[in-house]
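This report describes the fold of a predicted model, beginning with its confidence and then turning to its sheets and the helices that pack on them. Please view the sequence and the structure together before reading on.

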Amino acid sequence: MHQEQATSRISSPSEPSGTPTRARRGFFANRTSLVLILVIVLLVPLAGLIGAELYARNTADSKVANAVQCEVEDSATASFATSPPVLWQYLTDHYTNISVETAGNQVRSAKGMKITLNIDDVNLNGSGDSKGTIGALNGTITWSADGIKESIQDAIPVLGSFVTSKVTTNPGAGTVELKGLLDKATVKPQIEDNGLSLQVVELSALGSNMSTDKVQKHLDELTSKATKNYPLGIHADTVKVTNSGVEATFSTQNATIPASKSKSGRDCFSQL
């Protein structure tokens, strides 16, 4: 009787069931890591450019605002055109458009006076006694009725009796009336010597011995200090009376930015 020899089947080792899944996970994990690294590599210089743009914008804003603030003796803010980027404008010293606005507290000795400016084509590649050039500058000055009253009270105390009551405007007649208890004067804003002037057209001085010539002299001193001798050849173009006060436009073209003191004796633009 033959005894059957027991045989055993040796099975080949099977692949671990989780191997393909882990391989796929490893592939996607590596791919995600590469994407993250690529994003970081791209974001680092982008963040640097954004930081440089903000720095250039802040520096340019401060320089222009400080120059205007120095000239008009009031706080000011400036903003720049966004195209091309301010960083490029800063590096090339060529600015396409700048907007400036003062706080409206005063312009030199004139209380309640505010200036808004629009400046185009500023090139700061100057030499010698010039810091550069400005293609065009257009501005508007507004002077409130309350500001006119306060200016006369502060800067011309001798005329205080003319504004103890109020200051009113008459846009139709183009005049401003200064009223006191006994004294009254009517003035007409005009352009004179490239600046703004308040010309006396009627005077009733019952409470003082002020003559028309004396009143005119004091008003001329006030408006001359506030609106004349601006730098860059800035001059008055138009003036009108509004319901709230007086509004004048100023401008200049192809102006040279001085490297030293302006006509007003201020050294405001040399640091641009």
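## Confidence

Within the protein, the confidence reaches its lowest value in helix 1 (residues 19-72), where the mean is 72, and its highest in strand 11, at 97. Over residues 1-7 the pLDDT is below 50, and in the model this stretch has zero contacts beyond near neighbours in sequence. Where pLDDT is low, the predicted coordinates should not be read in detail.

Taken over the protein, the average pLDDT is 83, with 79% of the residues scoring at least 70.

## The six-stranded sheet

An open sheet is built from six strands in the order 1-2-5-6-12-11, and its pairing is antiparallel. At its edges lie strand 1 (76-80) and strand 11 (235-241), each of which pairs on one side only. On average, and with direction ignored, neighbouring strands of this sheet are turned by 15° against each other.

Inside this order, strand 5 (residues 113-123) and strand 6 (residues 130-144) pair in the antiparallel sense over 10 bridges. As an entry point to the register of this pairing, K114 has T142 in strand 6 as its bridge partner. Helix 3 packs on the sheet, where it touches strand 6 and strand 12 (245-258), and the direction of helix 3 makes about 95° with that of strand 6.

## The four-stranded sheet

Four strands form another open sheet, in the order 7-8-9-10, and here too the pairing is antiparallel. Strand 7 (166-170) and strand 10 (195-205) are the edge strands, each pairing on one side only. Neighbouring strands of this sheet are turned against each other by 25° on average, direction ignored.

Strand 9 (residues 183-192) pairs with strand 10 in the antiparallel sense over 10 bridges, and within this pairing the bridge partner of A185 is L203 in strand 10. Helix 4 (residues 212-227) packs on the sheet and touches strand 9 and strand 10, its direction making about 155° with that of strand 10.

## Helix 3 and both sheets

Which strands does helix 3 (residues 145-155) lie across in the four-stranded sheet? Helix 3 lies across strand 7 and strand 8 (175-179), and it runs at about 135° to strand 7. Since helix 3 also touches strand 6 and strand 12 of the six-stranded sheet, a reader tracing the packing may follow this helix from one sheet to the other.

Definitions and conventions. Residues are numbered from 1 along each chain as its sequence is written. This is a predicted model: local features need pLDDT of at least 70, side-chain atom pairs count only at pLDDT 80 or more; totals for chains, interfaces and linings use all residues. Side-chain values use heavy atoms; hydrogens and water are left out. Two strands pair if DSSP finds at least two bridges between them. Helices (H or I, at least four residues) and strands (E, at least two) are DSSP runs, numbered from the N terminus. Axes are lines fitted to C-alpha atoms, for helices over the stretch in contact, and angles run from 0 to 180 degrees between N-to-C directions. Contact means heavy atoms within 4.5 Å. pLDDT is the predictor's confidence in each residue, from 0 to 100.
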